[in-house]
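Hi,

Here is the structure I said I would pass on. Have a look at it first, and my notes on what turned up follow below.

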Amino acid sequence: MEMNRFFVKLFLCYAVVAGSLFFAAPGAFAAHTLTVAPPSGQADIGSSVNFVATATCTAGPCSTIGFGVLGLDPNITPTYSTTSCAPTCSTIITLTVGSGTAPGPYTLTVDAGGQTAPYALTVIDPNAGVPVN
C-alpha cells in the first residue's frame, strides 16, 4: 500500500517536456514568458534609452518575479519602473549610458524570473564625426 502511494505522488509531481522528465514540487508548474519591446535601441554617451519588458503568465498561478539586465558595461546603469511583480506585468527599463562607455554594439540579456530575452543596445559617441563618403 505504501508503495502505491509513492507512485501516485511521483506521478502527480512530474511533467514531460520535450521528451525529458523533470521533477518539481507540487504547485511549481506555473510558467511565464518574457518579451522586450522594442528589441533594440540606441543612446548617446551621457543619455539614456527606455524599453518595456513584459512577463506574461502562461500557466499559473504565477509567483512574483524580479527583473534584471545582464551583460552591461560597468558604466551603463539600469533602472526599473518596477523591480518585481507577479505576471502578467511589465516594467519600463531605462539604461543610462555614462561617460567612459565605449561606443559600439552591446548584446544584453533581460532576465525575469529565469526567462530571458535579448536586447541590442548601440552606444553612440555624440562627439565623434560622421564619416563622409
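**What I found**

Of the contacts in the chain with a separation of 6 or more, 56% are between residues 24 or more positions apart; contact here means heavy atoms within 4.5 Å. Before you read on: this is a predicted model, in which local features need pLDDT of at least 70, side-chain atom pairs count only at pLDDT 80 or more, and totals for chains, interfaces and linings use all residues. Residues are numbered from 1 along each chain as its sequence is written, and side-chain values use heavy atoms, with hydrogens and water left out.

On confidence, pLDDT is the predictor's own score for each residue, from 0 to 100. Its mean over the chain is 82, with 74% of residues at 70 or more. Be wary of the start: pLDDT stays under 50 over residues 1-27, a stretch with 18 contacts beyond four places in sequence in the model. Among the elements, strand β1 (residues 14-17) has the lowest mean pLDDT, 38, and strand β7 (residues 76-80) the highest, 98.

As for the fold, there are one helix and 11 strands, taken as DSSP runs (helices H or I, at least four residues; strands E, at least two) and numbered from the N terminus. Along the sequence, the pattern is α-β-β-β-β-β-β-β-β-β-β-β.

Four of the strands make an open antiparallel sheet in the order β3-β5-β9-β7, where pairing takes at least two DSSP bridges between two strands. β3 and β7 are the edge strands, each pairing on one side only. From one strand to the next, the twist averages 25 degrees (axes are lines fitted to C-alpha atoms, and angles run from 0 to 180 degrees between N-to-C directions). Five bridges join the antiparallel β7 and β9, and Y80 has I93 in β9 as its bridge partner.

Now the inside. Buried residues (under 20% relative accessible area, 1.4 Å probe, protein chains only) make up 28% of the 133 in the chain. The largest nonpolar core (buried Ala, Val, Leu, Ile, Met, Phe, Trp, Tyr and Cys joined through side-chain atoms within 4.5 Å) has 24 residues, and F67, L95, V110, Y119 and L121 have the most contacts inside it. Two or more residues each come from β3, β5, β6, β9, β10 and β11. Leaving aside neighbours within four places in sequence, L95 touches residues including F51, I76, L108, Y119 and L121.

Cheers

Definitions and conventions: Buried means under 20% relative accessible area, exposed over 50%, partly exposed in between (1.4 Å probe, protein chains only).
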